[in-house]
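Biologist: I would like to learn how to read contacts in a model like this one. Could you walk me through them, please?

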Amino acid sequence: MASRRFPGVDAPLRTDLPVLKPYRLSGPVHDEMYLVRWIASAPPIYLALALALWPAAAWAQGGYGVVDGFEALARWVPFLVTEGFLFNVLISLFSMTIGTVAGLALGLAQISRNAALRGASWFVTQLFRNAPWLVLLFIVLLAFPFEIEIFGLLIPIPAWMKAVIGLSLPIMANISEIVRGAVNSVPSAQWEAAESLSFTRTQTLWQIVLPQCVKRMIPPWMNWYAILTMATPLCSLLGVGEIITLSRQAMEAENNQPELLLPFYGFALVLFFAYCYPIARLTIRLERRYSVKL
Amino acid sequence: MTDPALTDPALTDPALTDRATAWTPDQPIVAIKDVHKSFGDLEVLKGVSLEVRKGEVVCIIGPSGSGKSTLIRCINALTDIQGGSITVEGQEVHAKNLDKLALRKKVGMVFQQYNLFPHKTALQNVMMAPIKVLKEDRSEVEGRARALLRKVRLEGKEDSYPGELSGGQQQRVAIARSLAMRPDIMLFDEVTAALDPETVKEVLVTIKDLAREGMTCILVTHEMGFAREIADHIYFTDRGVIVEHGPPATFFDQASDPRTREFLSQIL
Ligand SMILES: Nc1ncnc2c1ncn2[C@@H]1O[C@H](COP(=O)(O)OP(=O)(O)OP(=O)(O)O)[C@@H](O)[C@H]1O
Ligand SMILES: [Mg+2]
């Protein structure tokens with residue numbers, strides 16, 4: 001036994017039986033909640049460091065012009081935040097609301113006893129869950145008219161509304177999966193106990209199963225909100241006046257100096273991170289809390 | 001809104017009227033005749049028959065996998081059957097036009113794993129079905145629920161959540177929850193099997209109280225001493241058939257079937 005050696009192993013063998021070492025993942029687990037897990041894992045000090053180092057990095061890069069770049073940014077900050085970033089937040093809130101309501105309905109359809117409804121909602125869910133978001137945005141942009149006529153009244157549909165709808169589609173599909181997963185995670189014994197107490201299926205779902213699911217659904221739901229918020233700059237491709245569009249316009253107004261790129265886009269990055277960071281921390285806290293009890 | 005069908009199906013449902021009124025308390029309250037049940041290719045019940053009279057306590061014992069749980073779950077239509085018949089108070093349980101609500105109002109069930117609703121307090125667990133299903137008056141139900149919790153000796157635990165209660169306490173809440181529907185028959189499926197030896201007793205005492213008050217009880221149990229003490233009749237199942245039955249005295253001391261004797265010698 002001791003005479004045998006494996007290539008690359010120096011120590012003498014203690015057994016000639018193969019030994020399976022436990023497999024360990026390093027870093028955050030790659031699951032649905034990856035984004036918030038990653039954001040939340042940044043210690044707060046990193047946020048402060050990033051804020052401090054970002055102008056310094058720009059400084060090291062450029063020399064002349066960098067100070068002007070940040071001066072230009074300083075002039076534009078109020079505009080970028082109030083006209084740009086707040087619009088991103090608004091789009092994310094609208095999309096989330098629509099996506100959540102539609103996703104709840106779709107998720108409940110996925111657990112319906114009607115096979116056709118179940119199949120159809122499953123298909124819709126998979127379709128919108130796996131389609132690239134940008135493709136969905138463009139389809140909505142092109143498929144919807146730019147104005148609709150109601151009672152002879154021409155109502156324009158602005159691009160941002162289409163963007164809201166486009167972004168709410170993948171959210172809807174993912175919420176649908178969250179609902180289905182949460183309902184399935186409730187032990188079947190709960191259904192049985194309710195059945196033996198004469199509850200109907202609908203009563204059991206609404207009064208016994210769904211209330212137990214709400215807590216479980218909140219963390220993944222917030223995770224999707226963070227993802228959605230981060231995705232709102234996609235709307236700039238539709239010409240929506242959100243922060244990236246406005247940053248580009250501001251840079252143009254400042255004669256498109258290359259020194260402007262890092263301050264302006266860096267500012268957008270910092271804003272998004274600062275907005276999502278507390279959400280991510282809260283999400284992870286709630287997830288820990290709810291995974292223990294219940 | 002109170003649906004009269006919820007309160008007395010026998011008066012309103014024409015399909016049930018003749019059979020339900022034909023039943024009198026001197027007939028078996030539960031009659032199981034030649035019941036067959038399969039899960040796919042696995043035949044779990046191979047022609048089981050038994051009768052329970054009003055106020056009787058019947059214990060079903062037998063080795064694991066012999067179909068005890070399946071049998072008792074057939075009685076309140078939690079599972080369907082492939083052959084035979086089960087009647088509860090004269091009403092065919094596996095009839096196509098069965099009023100499941102009326103049946104389950106009559107038949108309460110307590111499970112091995114308690115299966116309380118974890119998001120509701122003990123009191124809410126007990127009150128929920130009468131309010132939501134029977135649409136009874138909340139304050140009246142609350143009074144009854146508090147009395148039931150007192151009866152199962154859980155005074156002071158009304159506002160505790162199931163997660164804050166011991167297994168024995170949870171099981172007694174589950175019993176009170178079933179009783180809140182005012183059933184005529186109670187089914188107990190190994191309700192002490194998941195409990196610590198110390199807490200088994202408190203649950204058994206509760207069941208004994210119920211039996212003494214004249215509740216018809218069908219129990220699946222491994223507590224032989226308890227079965228001997230409270231049962232009027234004991235059935236022994238093995239591999240989907242009833243191989244032996246009788247009143248406790250004859251059953252325990254003069255069992256004739258070799259399988260029963262072997263099982264009893266292992267347990268006692
Ligand atoms: N839903 C089901 N699907 C398939 N097979 C089942 C199902 N429920 C029970 N069985 C099988 O039926 C047989 C009888 O099960 P049952 O639970 O009635 O036994 P039991 O007598 O209650 O046993 P125990 O004492 O372990 O509770 C077992 O072989 C079991 O595997
Ligand atoms: Mg069992």
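Biologist: How many residue pairs are in polar contact between chain B and chain A?

Modeller: Happy to help! A polar contact is a pair of N or O atoms within 3.5 Å; within protein, one must be able to donate a hydrogen and the other to accept it, and residues adjacent in sequence count only if both atoms are side-chain atoms. Between chain B and chain A the count is five residue pairs, both at pLDDT 80 or more. By class, the side of chain B that touches chain A has 13 nonpolar, four polar and seven charged residues (Ala, Val, Leu, Ile, Met, Phe, Trp, Tyr, Cys and Pro count as nonpolar, Asp, Glu, Lys and Arg as charged, and the others, Gly among them, as polar).

Biologist: What should I keep in mind about the model itself?

Modeller: This is a predicted model, in which local features need pLDDT of at least 70 and side-chain atom pairs count only at pLDDT 80 or more, while totals for chains, interfaces and linings use all residues. Residues are numbered from 1 along each chain as its sequence is written, chains are lettered from A and ligands numbered from 1 in the order in which they are written, and side-chain values use heavy atoms, with hydrogens and water left out.

Biologist: What area do chain B and chain A bury between them?

Modeller: The size of an interface is often given as the accessible area lost when the parts come together. Here that is about 1700 Å², with 62% of it on carbon and sulfur atoms (accessible area with a 1.4 Å probe, summed over both parts). In chain B, the residues that lose the most area to chain A are B:R104, B:F117 and B:H119, together 28% of what that side buries.

Biologist: Which residue of chain A does B:R104 meet in a salt bridge?

Modeller: A salt bridge is a side-chain nitrogen of Lys or Arg within 4 Å of a carboxyl oxygen of Asp or Glu. B:R104 pairs with A:E195 at 3.1 Å, N to O. The rule finds two salt bridges across this interface, and 19 over all chains.

Biologist: Which polar contacts does ligand 1 make with side chains?

Modeller: A polar side-chain atom of B:K68 lies 2.8 Å from an oxygen atom of ligand 1, and a side-chain N or O atom of B:E190 is 3.0 Å from an oxygen atom of the ligand. The backbone takes part too: an N or O atom of B:S66 lies 3.2 Å from a ligand oxygen.

Biologist: By class, what does the shell around ligand 1 have?

Modeller: Four nonpolar, seven polar and two charged residues make up that shell.

Definitions and conventions. Buried area is the accessible area (1.4 Å probe) that two parts lose on being put together, summed over both.
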